[in-house]
Each structure stands twice: as C-alpha cells, then as structure tokens.
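Reader: I am in my first year and would like a close look at a single part of this protein, together with its surroundings. Could you take me through it slowly and explain each term as it comes up?

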Amino acid sequence: MLKIDKPATTYKEQIKILKRKGMKFSDEVMAEKFLESVQYYRLSGYWLSYFEKKDQFVEGMTFEKIVDVYMFDKELRNNLLYIIDNIETEVKSKIAYRFVHSCSPLGYANPNNFGRADYYAAWLNKFFKNANNKDKNRELFISWYKENYNNKFPFWVVVEMCNFNDISKFYKNLKPKIKKGMRTSFLYNYEYIESWLHTTVLVRNICAHNGRLYNRRLVITPKLLSEMPRNLNIKRIFTPIVILKYLCSDKTVWNEFVKRMELTFHKYGESIELELIGFPVNWQDILK
C-alpha cells in the first residue's frame with residue numbers, strides 16, 4: 001500500500017518525534033533554533049547512522065551529539081574546499097605550462113593531441129559555448145582576447161575559463177605521450193594523476209553542494225601508490241584526503257590544511273566515530 005503524504009510538523013513536534021525514538025535533549029530551546037537553521041530532513045542524514053533498530057536510537061543518543069557531527073561535517077567540507085581550491089589553481093598552472101610548450105598555445109584546437117574524438121568534441125563544444133556566452137559580468141580578459149585575437153584563446157587563458165571538472169577531463173583525454181611529458185610537473189605517472197584528479201573533482205562537487213561526507217561511501221576507486229598507507233578504506237573520505245597530499249606541492253598550504261583539520265577535531269572529535277570517515281587513529285602522522 002502506498003504511504004499517504006506526510007503532514008508538516010512544527011519544531012516542537014519534530015523534537016517530540018525524536019524523543020519517541022529515544023533521542024535525549026539537554027536544551028530544547030537550542031534544539032528548536034538549530035532545527036530552524038538546519039531543517040529536520042537534512043539532519044536526518046546524520047542521525048540515521050545511530051539507529052539501533054527501526055525507529056530506535058542507540059542508548060544515550062543526544063541531539064547535541066548530532067549537532068557536533070553536523071558541525072564537524074560542515075567544517076570538514078570547508079577545510080577541503082580550501083585545499084582543493086589551491087590544488088585546482090596549481091594543477092591548471094602546471095597543465096597549461098607543459099601543454100603550450102609541447103603542443104603550442106592553440107594545441108587544444110588540434111584533435112590529434114587527444115584520444116577519444118567524441119570526448120574531445122564534447123569538451124571543445126562546451127568550451128566555445130561558454131566562451132561565447134554574452135555575460136556582461138565575464139572576466140575582462142575574456143572580452144579582451146575576443147576583441148583582439150578573434151576568439152583565438154591561448155591555452156593559458158583557456159584553463160582559467162574552464163572548471164576543475166573540465167580540466168580533469170581534458171587531461172585524461174590527452175594522448176599518453178603528452179601526459180608522460182608532464183611527469184616533471186606532477187612527479188607521478190599519468191595513470192595516477194588522472195585518477196586522483198577525477199577523485200578530487202568528485203569530492204569538490206560534494207563539498208561545493210553542501211553534501212554530507214560523514215558516514216558516506218564514495219562511489220570511486222582511486223589508484224593508490226605502494227608507498228601510501230596500507231588498509232585504507234577506499235570508500236571513505238580519508239583516502240581522497242591522502243591523495244590531496246600528493247597533489248599539493250605547496251608545503252605551506254598543506255600544513256595550513258592539516259592545522260585546520262586539527263582544530264576541527266579539537267572542537268568536535270569526542271563526538272566523531274573515526275571509522276565512519278575512514279580516519280585511522282594516527283591520521284595526523286599520515287597527513288604530516
């Protein structure tokens with residue numbers, strides 16, 4: 001039998017529902033205010049991890065713990081956006097430099113530099129569609145190149161007009177010989193780099209759209225180096241974080257990221273189950 005539509009509930013009614021399921025509250029006024037700013041349905045993605053059986057929370061589950069888990073997840077996303085933003089800038093710079101010196105500034109317009117023709121055509125069509133978008137708020141350098149170079153953008157301009165996902169796809173579809181020539185910039189074989197970029201883009205998209213990372217199984221299987229820690233849970237968020245360490249060559253930026261992670265754990269660590277995010281006990285040693 002199909003379920004009837006659920007009725008709307010007030011914040012007080014939502015608290016009563018959670019109480020019936022065994023959740024404890026030390027401050028219901030605070031809980032109401034939190035439910036006003038973060039709706040019940042969004043929070044449910046976090047407390048679903050703590051059901052002992054259907055509609056019954058584990059013994060001692062508190063609303064305050066769920067708030068801590070939610071705030072931890074929020075800070076984790078912000079920390080990741082910080083490091084991924086820096087990595088994106090670095091990756092674009094390295095790909096642009098190596099590509100223009102091996103294939104020419106307009107080499108992206110030559111299909112012979114790429115593998116699959118259908119992927120290349122889709123990438124190029126998207127680029128020119130974006131380039132010809134009549135948006136008055138576009139970057140000034142785009143208008144300048146369109147007016148002075150008849151839409152012939154050198155690749156160092158192209159990378160700044162593309163998002164991280166597009167650059168990841170561009171790199172993956174390059175001919176192997178070209179990718180091998182970029183090893184001096186990336187230090188690792190291209191099979192690893194294209195896998196890591198794909199993983200990083202997926203994580204970035206989750207973070208940018210306020211998706212949940214806590215107790216989330218990622219639908220990716222990134223390639224791992226033999227020197228990386230053994231027994232990593234490849235489906236949890238810690239594995240992509242280890243990968244970010246290998247993509248980030250700026251030690252100052254990376255150390256700042258680790259410091260932010262330490263502060264986040266200092267605030268919320270007592271409420272966090274490490275296994276639900278794939279963090280080993282010695283995670284700080286691994287990241288440092």
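Author: Of the 288 residues of the protein, 46% count as buried, where buried means under 20% relative accessible area, exposed means over 50%, and partly exposed lies in between, with a 1.4 Å probe and protein chains only. This is a predicted model, in which local features need pLDDT of at least 70 and side-chain atom pairs count only at pLDDT 80 or more, while totals for chains, interfaces and linings use all residues. Residues are numbered from 1 along each chain as its sequence is written, and side-chain values use heavy atoms, with hydrogens and water left out.

The protein has 14 helices and 2 strands; these are DSSP runs numbered from the N terminus, helices being H or I with at least four residues and strands being E with at least two. Along its principal axes, the C-alpha trace spans about 65 × 45 × 40 Å. Among contacts between residues at least 6 apart in sequence, 64% join residues at least 24 apart, a contact being heavy atoms within 4.5 Å.

The part to look at closely is helix 3, which covers residues 40-47. Because 6 of its 8 residues are buried, helix 3 is largely enclosed by the rest of the structure. The buried residues are Tyr40, Leu43, Ser44, Gly45, Tyr46 and Trp47, and they pack against helix 1 (11-20), helix 2 (28-37), strand 1 (51-53), strand 2 (56-57) and helix 4. Gly45 deserves a pause: its relative accessibility is 18%, so Gly45 counts as buried. The C-alpha atoms of Gly45 and Tyr214 are 9.1 Å apart in space, although the two residues are 169 apart in sequence.

One of the partners of helix 3 is helix 4, and following helix 4 leads to the next feature. Helix 4 (residues 63-103) has 41 residues and reaches 58 Å from its first C-alpha to its last, close to the 60 Å expected at 1.5 Å a residue; the expected span is 1.5 Å times one less than the number of residues. After helix 4 comes Ser104, with a positive phi. Most residues other than glycine have a negative phi, whereas that of Ser104 is near 90°. Ser104 lies in the loop between helix 4 and helix 5 (117-131) and is partly exposed, at a relative accessible area of 31%.

A positive phi also appears at Asn215, where it is about 55° although the residue is not a glycine. Asn215 sits in the loop between helix 11 (190-208) and helix 12 (238-247), and its relative accessible area of 23% makes it partly exposed.

The cysteines complete the picture. A disulfide is a covalent bond between the sulfur atoms of two cysteines, and here it is taken as a pair of cysteine sulfur atoms within 2.5 Å; by this rule the count is 0. Cys103 is in no disulfide, since the nearest cysteine sulfur, that of Cys162, is 16 Å away, and Cys103 is buried at a relative accessible area of 14%. Cys207 is likewise in no disulfide, with the nearest cysteine sulfur, that of Cys248, 16 Å away, and its 2% relative accessibility counts as buried.
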